[in-house]
Amino acid sequence: MLGGVLAKYGHPYSLDDFETMNHRRYLCPVCGSSDRDRLYKLYIDNFLPPSGVRRVLEFAPAPALSAYLRGRDDLEHRTADLMMAGVDDVVDITDMRMYADGSFDFFICSHILEHVPDDARALSELYRILTPGGRGIIMTPVAPEGTFDEDPTVTDEGERWRRFAQGDHVRLYDRSTLCSRITKSGFELSALDAHTFGEDVFSRHGIASGSVLYVVRKPDVGAV
């Protein structure tokens, strides 16, 4: 269905051209999780070993992933969004003054930045609210290299579909631009892929082999 909409508006890329998009096995028939939700859970299970109680902030919460996070005794889980109903905190990601510096140990910011007119401010706020040594997941749609495009002044829905692959997006990232903007905000960045998790693990969980998980870390206090 989404592929047909992209074609209708003349978007130059197909769903197969995007990172982390297994549209053939997108939703789990049992729990309803998306392929990227399953990827986030793999990371949390394998790379966030129990270490006291972590304070976790999930933006635009996904039901299946939120249920899993809430069920863990080692996580204090909060949800946040500007428009979504039922979240713990109604918050603008570019102005999160309701949270003190270093309020969270881990965050999930999935498919948010492509909606935000000023992604630099959003990244700055994410950096501020994360505790030193804390980590986060930052994901967006990522198109083939060299295709980055943005213009927050575009308001026509059809033109946004044509250029940014969705009617409420203001930019379309490629990998180098996404990584550059993340690291410019001060984060350390790791790009984890099938070599990290294993091709067989990706296949079992319905995650496309070319998927990439972008994990950030705020340097420890005093780190050079």
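Two strands count as paired if DSSP finds at least two bridges between them. The model examined here is predicted.

**Exercise 1. Strand pairing**

Determine in which sense β1 and β4 pair, and name the bridge partner of Val56 in β4.

Solution.
Step 1. Locate the strands: β1 covers residues 54-59 and β4 covers residues 104-110.
Step 2. Three bridges join β1 and β4, and the cut-off for pairing is at least two.
Step 3. The sense of this pairing is parallel.
Step 4. The partner of Val56 in β4 is Phe106.

**Exercise 2. The sheet and its edges**

Give the strand order of the open sheet, and explain why one side of β3 and of β9 is left without a neighbour.

Solution.
Step 1. The order is β3-β2-β1-β4-β5-β10-β9, seven strands with mixed pairing.
Step 2. β3 (89-90) and β9 (188-192) stand at the edges, and each has a single partner strand, so one side of each lacks a neighbour in the sheet.

**Exercise 3. Helices across the sheet**

State which strands helices α3 and α4 lie across, and at what angles they run to β2 and β5 respectively.

Solution.
Step 1. Helix α3 (residues 63-70) lies across β1, β2 (75-81) and β4. Its angle to β2 is about 150°.
Step 2. Helix α4 (residues 119-129) lies across β1, β4 and β5 (130-139). Its angle to β5 is about 140°.

**Exercise 4. Salt bridges of Arg181**

Find the acidic partners of Arg181, and classify each residue as buried, partly exposed or exposed.

Solution.
Step 1. Arg181 forms a salt bridge with Asp119, with the closest N and O atoms 2.9 Å apart. Asp119 lies in helix α4 and Arg181 in helix α6 (residues 175-184), so this pair ties together parts 62 residues apart in sequence.
Step 2. Arg181 also meets Glu150 in a salt bridge, at 2.7 Å from N to O. Glu150 belongs to strand β7 (residues 149-150), so this pair ties together parts 31 residues apart in sequence.
Step 3. Buried means under 20% relative accessible area, and exposed means over 50%. Asp119, at 6%, is buried. Arg181, at 23%, is partly exposed, and Glu150, at 28%, is partly exposed.

**Exercise 5. Further salt bridges**

State how many salt bridges the structure holds, and describe the pair Asp95 and Arg97.

Solution.
Step 1. The structure holds 20 salt bridges.
Step 2. The side chains of Asp95 and Arg97 form a salt bridge, 2.7 Å from N to O. Asp95 is partly exposed at 30% relative accessible area, whereas Arg97 is exposed at 69%.
Step 3. A network of salt bridges links Lys41, Asp45, Arg72 and Asp74.

Key:
Residues are numbered from 1 along each chain as its sequence is written. This is a predicted model: local features need pLDDT of at least 70, side-chain atom pairs count only at pLDDT 80 or more; totals for chains, interfaces and linings use all residues. Side-chain values use heavy atoms; hydrogens and water are left out. Helices (H or I, at least four residues) and strands (E, at least two) are DSSP runs, numbered from the N terminus. Contact means heavy atoms within 4.5 Å. Axes are lines fitted to C-alpha atoms, for helices over the stretch in contact, and angles run from 0 to 180 degrees between N-to-C directions. A salt bridge is a side-chain nitrogen of Lys or Arg within 4 Å of a carboxyl oxygen of Asp or Glu. Buried means under 20% relative accessible area, exposed over 50%, partly exposed in between (1.4 Å probe, protein chains only).
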